[in-house]
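Please examine the structure shown here before reading on.

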Amino acid sequence: MAELKGKVALITGATRGLGAEIAKRYAQEGVNLILLSRNIAQLEALDDSLASSGVNITLVPYDLKDYASLENLARAIGDRYGRLDILVGNAAILGILGPIQQVPSSTWQEVIDINLTANLYLLKFFDPLLRNSSGGRAIFVTSEVAHDISPYWSAYSVSKAALENMIMLYAHENLNSSLKVNLVDPGKIRTSMHAEACPGIDPLSIPSPEEFMDVFIYLASEKCQLTGKIFKAQEFKNEN
């Protein structure tokens, strides 16, 4: 999609699974990338794989629980580009699966910190840069366990339900702007998180995330005039 060429995108959780595939596909479309991950080695490996893409790539080794530093990052992006066209809130952790009353307090807090609160600070600090774009687009990754009661999914389920509510509020508070804000439920895809949550399932029996990139391209584009929606990536691929 030529209209994405030259746009600027920030992706959290960019080095593995879904985040890495989004980064690769956006690079193919000519999008300049700001890639966040806690793992420096994985960031460098992804950078190597994207070296021939010809886009500007900024690697940001970053712990999303360091909320205050996000403001510094937003300021640096503003100084360089003056705007942010695409924000992809993808980073998340699973925590521990089990009876909700047995989840250690520290685990519960870490899941909420990364899966929910970090995304609040992304909105807080990057909202001005998204508004500086002629077509700001914010995309957040959710899960079917956010809206389907899934016993033992614990803090992860709660964090994604709260994320959906927060992003819907943000979307509806901005109905009169050019900013479009949506969520994507990727479904069951071949990632390390899925393998951790469902160790008995053959990973080759479920699809790779790269098969479902069309929805992330559409939602990043100015052709998308929808906001406050949840898109199921696998259904989007089948219907479009």
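The questions and answers below treat a helix, the nonpolar cores, a single residue and a pocket in turn.

This is a predicted model, in which local features need pLDDT of at least 70 and side-chain atom pairs count only at pLDDT 80 or more, while totals for chains, interfaces and linings use all residues. Residues are numbered from 1 along each chain as its sequence is written, and side-chain values use heavy atoms, with hydrogens and water left out.

Q: How far apart are the end C-alpha atoms of helix 1?
A: Helices (H or I, at least four residues) and strands (E, at least two) are DSSP runs, numbered from the N terminus. Helix 1 covers residues 17-28, which is 12 residues. The expected span is 1.5 Å times one less than the number of residues. That gives 16 Å, which agrees with the distance between the end C-alpha atoms, 17 Å.

Q: Which residue just after helix 1 takes a positive phi?
A: Within helix 1, the buried residues (under 20% relative accessible area, with exposed over 50% and partly exposed in between, 1.4 Å probe, protein chains only) include Leu 18, Ile 22 and Tyr 26. The buried residues of this helix pack against elements including strand 1 (8-12), helix 2 (40-49) and helix 7 (214-220). Just after helix 1, a positive phi of about 85° is taken by Gly 30.

Q: Which helix gives the most residues to the largest nonpolar core?
A: A nonpolar core is a set of buried Ala, Val, Leu, Ile, Met, Phe, Trp, Tyr and Cys residues joined through side-chain atoms within 4.5 Å. The largest has 35 residues, of which Leu 10, Ile 34, Leu 36, Leu 84 and Phe 126 touch the most other members. Elements supplying at least two residues each include strand 1, strand 2 and helix 3 (67-81). With 9 residues, the most is given by helix 4.

Q: Is Ala 155 buried or exposed?
A: Ala 155 has its place in helix 5. Leaving aside neighbours within four places in sequence, Ala 155 is in contact (heavy atoms within 4.5 Å) with Trp 108, Val 111 and Ile 112. Its relative accessible area is 3%, so Ala 155 is buried.

Q: How many charged residues are in the lining of the second largest pocket?
A: The second largest pocket is lined by 15 residues, and Ile 149, Ser 150, Pro 151, Ser 154 and Ser 157 lie nearest its centre. A pocket is an open set of points on a 1 Å grid over the protein atoms alone, where a 1.4 Å probe fits, with protein on both sides within 12 Å along at least five of seven lines; lining residues have an atom within 4 Å of a point. Asp, Glu, Lys and Arg count as charged, Ala, Val, Leu, Ile, Met, Phe, Trp, Tyr, Cys and Pro as nonpolar, and the others as polar. The lining has 9 nonpolar and 5 polar residues, and the number of charged residues is 1.
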